[in-house]
Amino acid sequence: MKVTVIGGTGLIGSQVVKLLTGAGHEAVPAALSTGVDLISGEGLDKAVEGADVVVNLANSPTFDAASLDFFRTSMGNLLAAGEKAGVGHQVILSIVGVDKVPALDYYRAKALQEELLQQGPTPYSIVRATQFFEFMGAVLSWTSDAEAVRLPATPVQPMAAADVAAAVAEVATGTPLRGIRNVAGPDVFRLDELGKVTLAAQGDGRPVVTDDQAGMFAAVEGDVLIGGPDAHLAPTHYRDWLQQAR
């Protein structure tokens, strides 16, 4: 099977390419660095030529309202190129609960991307993942100073990027779902609790202050970022991953 991986040089994409190649498929990474521009369309037709499957892992360069235009244009261009090339399966990576956080521009943009794919001409699959372990450092940095880290008590169920890549690769090589698969980590935390676990593992003595107005995830209500009863649970636990990452 030939699989074109858009965003195939990034955190998830590079691992998806490696997994697919190891399984005997022809996995072709496509990104700006390989001459493929999703917004202008440059190099896109060539990138998807002969592909059985296209996996779209490209991300917006910003998380603000401009991300809506990015996903609208990029998804439209990719669907058109895929239809022209006879691609039989389009796959995207999205976010668990993405349609339940309208206060966040980026989440609305990803929900729009899902809608465009669902309305498009090609059989599709949507993999919705929870927050990545690898992004926890950035989450802490948004609302921290030299004295303390402030985090809301938002429930989260994070997972390792390697497990996300495995889920994407599995879906990409299967029959189109024509729907959504939720994937999540094995453990549920409150975000402030997760901050405490992270800082302790890093030997950082700063306290975590619970502040339900702090950071991006303050806009999240309830437990919408949790995988839910139908989620496929990944094997890697956050505390084990922290130990290996040290």
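This report describes the overall build of a protein and the setting of one of its residues, Ser 67, in a predicted model.

**The protein as a whole**

The fold comprises eight helices and eleven strands. For a chain of 246 residues, a compact globule would be expected to have a radius of gyration near 18 Å, and the value for this protein, 18 Å, agrees with that expectation. The C-alpha trace spans about 55 × 35 × 35 Å along the principal axes. Among contacts with a separation of 6 or more, 81% join residues 24 or more positions apart.

The following table lists overall values for the protein.

| Property | Value |
|---|---|
| Share of the 246 residues that count as buried | 50% |
| Exposed area of the protein | about 11100 Å² |
| Share of the exposed area supplied by carbon and sulfur atoms | 52% |
| Distance between the mean positions of the positive and negative charges | 2 Å |

The charges in question number 17 positive and 28 negative.

**The setting of Ser 67**

Ser 67 lies in helix 3, which covers residues 66-85. Its relative accessible area is 0%, and because buried means under 20%, Ser 67 is classed as buried. The side chain of Ser 67 reaches the backbone oxygen of Asp 64 at a distance of 2.6 Å. When residues up to four places away in sequence are left out, Ser 67 touches Ser 60 and Thr 62, together with Asp 105, Tyr 106 and Ala 109.

In summary, Ser 67 is a buried residue of helix 3, with a side chain that reaches the backbone oxygen of Asp 64.

Definitions and conventions: Residues numbered from 1 in each chain as written. Predicted model: local features only at pLDDT ≥ 70, side-chain atom pairs only at ≥ 80, totals over all residues. Heavy atoms only, no water. Helix = DSSP H or I, 4+ residues; strand = E, 2+ residues; numbered from the N terminus. Buried < 20%, exposed > 50% of the residue type's maximum accessible area, 1.4 Å probe, protein only. Polar contact = N/O pair within 3.5 Å; in protein donor to acceptor, adjacent residues only side chain to side chain. Contact = heavy atoms within 4.5 Å. Rg over C-alpha atoms; globule rule 2.2 N^0.38 Å. Areas by Shrake-Rupley, 256 points an atom, 1.4 Å probe, with all protein chains shown as cover. Lys, Arg positive; Asp, Glu negative; His and termini not counted. Charge placed at Lys NZ, Arg CZ, Asp CG, Glu CD.
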